[in-house]
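Subject: Structure for you to look at

Hi,

Here is the structure I promised to pass on. Please open it and keep it in view while you read my notes.

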Amino acid sequence: MELTERIAALLEEKYTSDEAFQDCFTVDIEFKPANNRLNIYMDADSGITFDKCRIVSRYLEEQIDAQGWLGEKYVLEVSSPGLSRPLRFLRQYRNNLGRQVEISMEDGSSYKGELTGAEEQSVRIKREVTIKEGKKKKKVDEEVSLPFEQITKTIIKPRFK
């Protein structure tokens, strides 16, 4: 079994055995052998906290050290995915309803707007479009439904006021 698979199994065990972590899920596991660095990106339906990351980090550290999987010197970082990492799972989309997103599609098109819905088959965004009414241009809101399987990347776009 590959290291990332062993780590994924440990994380699932933690999520299912500890009531405080039952709404948690793994977004990504990255192992960089060149510098013996293991990055874990986790999220939770109730939101991820520093304490949850710290507890999971210590749990993994104990297991990795006991098994000797990474040797004496390694770097382990457990964190939330942050805004720069793409959304990967439906539950992430649902946790980010109401936020501004930029969605890239398989056909090369992209959409920017407010994430208003997330279902098994599609996500919805509300975006502002300009339409012509006679000789005048008018901005209106339009809701667009995008097939989930055709989305290649979705990034949260922070709003600065």
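Which cysteine sulfur is closest to the sulfur of cysteine 53, and how far away is it? It is the sulfur of cysteine 24, at 8.5 Å, and that is too far for a bond. Bear in mind that this is a predicted model.

**Cysteines**

A disulfide is a covalent bond between the sulfur atoms of two cysteines. The cut-off used here is 2.5 Å between the sulfurs. Seen from cysteine 24, the closest cysteine sulfur is in cysteine 53, again 8.5 Å away, so no bond is possible at that distance. The search of the whole structure finds zero disulfides.

Are these two cysteines buried or exposed? Cysteine 24 has 5% relative accessibility, so it counts as buried. Cysteine 53 has 8%, so it counts as buried too. The limit for "buried" is under 20%.

**The three-stranded sheet**

Now find the open sheet of three strands. Its order is E1-E2-E3, and its pairing is mixed. Strand E1 (24-32) and strand E3 (75-79) are the edge strands, and each pairs on one side only. From one strand to the next, the twist averages 15°.

Strands of a sheet pair through backbone hydrogen bonds, either parallel or antiparallel. E1 and strand E2 (residues 37-44) take the antiparallel sense, with eight bridges. Want one pair to look up? Phenylalanine 25 has aspartate 43, in E2, as its bridge partner.

Two helices go with these strands. Helix H2 (residues 50-67) packs on the sheet and touches E1, E2 and E3. The direction of H2 makes about 150° with that of E3. Helix H1 (residues 3-17) lies across E1 and E2. H1 runs at about 155° to E1.

**Glutamate 19**

Where is glutamate 19 found? It is in the loop between H1 and E1. Its relative accessibility is 70%, so it counts as exposed. The cut-off for "exposed" is over 50%. Compare its position with glutamate 30. The two are eleven residues apart in sequence, and their C-alpha atoms are 26 Å apart in space.

**The five-stranded sheet**

There is also an open sheet of five strands. The order is E7-E6-E5-E4-E8, and the pairing is antiparallel. Why is one side of E7 and of E8 left without a neighbour in the sheet? Strand E7 (136-147) and strand E8 (151-156) stand at the edges, and each has a single partner strand, so one side stays free of a neighbour in the sheet. Neighbouring strands here are turned by 40° against each other on average, with direction ignored.

Follow E7 to its partner. Strand E6 (residues 122-133) pairs with E7 in the antiparallel sense over twelve bridges. Within this part, threonine 130 stands opposite lysine 139 in E7.

**Serine 122**

Last, look at serine 122, which lies in strand E6. Its relative accessibility is 16%, so it counts as buried. What does its side chain make a polar contact with? The partner is the side chain of serine 145, at 3.3 Å. Set aside the neighbours within four places in sequence, and serine 122 is in contact with Ser145, Leu146, Pro147 and Phe148.

Best wishes

Key:
Residues numbered from 1 in each chain as written. Predicted model: local features only at pLDDT ≥ 70, side-chain atom pairs only at ≥ 80, totals over all residues. Heavy atoms only, no water. Pairing = 2+ DSSP bridges. Helix = DSSP H or I, 4+ residues; strand = E, 2+ residues; numbered from the N terminus. Axes fitted to C-alpha atoms, helices over the stretch in contact; angles between N-to-C directions. Contact = heavy atoms within 4.5 Å. Buried < 20%, exposed > 50% of the residue type's maximum accessible area, 1.4 Å probe, protein only. Polar contact = N/O pair within 3.5 Å; in protein donor to acceptor, adjacent residues only side chain to side chain.
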